[in-house]
Amino acid sequence: MNTKELYKFLGELNENNNREWFNKNRYRWEDLRNQWIDDIGLLLGKMSAWEPTFKNINPKDCVFRIYRDTRFSLDKTPYKTWVCAGIGKYGKNSHNGGYYIQIDASDLNENFFNGLFGGVWLPESSTLKKLRKAIIDNIDEFREITNEPQLNKYFPGWTGDKLKTIPKGWDKNHPDADLLRLKEFGKACECDRKFFIGDWTTRVAERLQLLKPLVDFLNYSIEE
């Protein structure tokens, strides 16, 4: 994919986030979108070397639309100023643990994120309770996975909000309170623009592989 052209298009869209401009430049978007889908196909092929279940996923099933859902948002701009893809057992519609890629050009946007994510994002209450129990029941294994040096080098800390107090039903002085207070179990790696230029699919596949033990643990816990 011509990532430099993608950054240029998204940057212009950020300055002209309206239907009139987008319709005039739709031909540029369609070409970039096709390149994006092709690259996600390449990425799936490389990730399938360490996650065979990705071998038969259609890349179109991983790519999100550029149109924003503005129904419940104060921001009524119609288009995302980024491209993104979700890779799980069922593509972007997987509700278990998986992987996420976002290429964002809107540096001035307060929600700006350019990089990678892996784990379980905003699970339902029942799933979150199940994950908490599985983690505490297997805390040594989980700590070993999440304390791996390379993982922490590129994916430090945890994403998402935390509870102010220990969830109901747990000892308020629990030694693993830091994990019990999490509302989701995901790790993110912020990347600069250069990361997605050139042979970025190889770099992404290698970086996301660091998350596989965590994603496997979470999915096993959910599906058990």
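**Exercise 1. The largest cavity**

Find which strand gives the most to the lining of the largest cavity, and with how many residues.

*Solution.*
Step 1. Strand β1 gives the most, with three residues. The model used here is predicted.
Step 2. List the lining. Trp29, Phe64, Arg65, Ile66, Lys80, Trp82, Val83 and Cys84 line the largest cavity.
Step 3. Locate the strand. β1 covers residues 82-87, and the lining list includes Trp82, Val83 and Cys84.
Step 4. Sort the lining by class. Six residues are nonpolar, none is polar and two are charged.
Step 5. Add the volume. The largest cavity holds about 30 Å³ of space. The structure has one cavity of 30 Å³ or more.

**Exercise 2. The largest pocket**

State the volume of the largest pocket, then describe its lining.

*Solution.*
Step 1. The largest pocket holds about 1,600 Å³ of space.
Step 2. Its lining has 44 residues, and the closest to the centre are Phe64, Tyr100, Gln102, Trp121 and Leu122.
Step 3. Turn to the strands. β1 (82-87), β2 (98-104) and β3 (115-120) each supply at least two lining residues.
Step 4. Sort by class. The lining has 15 nonpolar, 20 polar and nine charged residues.

**Exercise 3. The second largest pocket**

Find which element supplies the largest share of the lining of the second largest pocket.

*Solution.*
Step 1. Start with the volume. The second largest pocket has about 250 Å³.
Step 2. Of its 16 lining residues, Thr53, Lys89, Gly97, Asn219 and Glu223 are the closest to the centre.
Step 3. Pick out the elements. β2 and α9 (212-223) each supply at least two lining residues.
Step 4. Helix α9 has the largest share, four residues.
Step 5. Sort by class. Four lining residues are nonpolar, eight are polar and four are charged.

**Exercise 4. Two helices that cross**

Work out how α1 and α3 cross, and which residues make the contact.

*Solution.*
Step 1. Name the helices. α1 spans residues 3-15 and α3 spans residues 26-47.
Step 2. Take the geometry. Their axes come within 11 Å and cross at roughly 135°.
Step 3. Name the arrangement. That angle makes α1 oblique to α3, because angles over 145 degrees count as roughly antiparallel and 65 to 115 as roughly perpendicular.
Step 4. Give the hand. The crossing of α1 and α3 is left-handed.
Step 5. List the contact. α1 brings Glu5, Leu6, Lys8, Phe9 and Glu12, while α3 brings Arg28, Trp29 and Leu32.
Step 6. Sort by class. The contact residues divide into four nonpolar, no polar and four charged.

Methods. Residues numbered from 1 in each chain as written. Predicted model: local features only at pLDDT ≥ 70, side-chain atom pairs only at ≥ 80, totals over all residues. Heavy atoms only, no water. 1 Å grid on protein atoms, 1.4 Å probe; cavity = no way out; pocket = protein on both sides within 12 Å on 5 of 7 lines; lining within 4 Å. Points joined across faces, edges and corners; volume = space filled by probe spheres on them. Nonpolar A, V, L, I, M, F, W, Y, C, P; charged D, E, K, R; others polar. Axes fitted to C-alpha atoms, helices over the stretch in contact; angles between N-to-C directions. Parallel < 35°, antiparallel > 145°, perpendicular 65-115°, else oblique. Left-handed = near helix turned anticlockwise from the far one by under 90°. Contact = heavy atoms within 4.5 Å.
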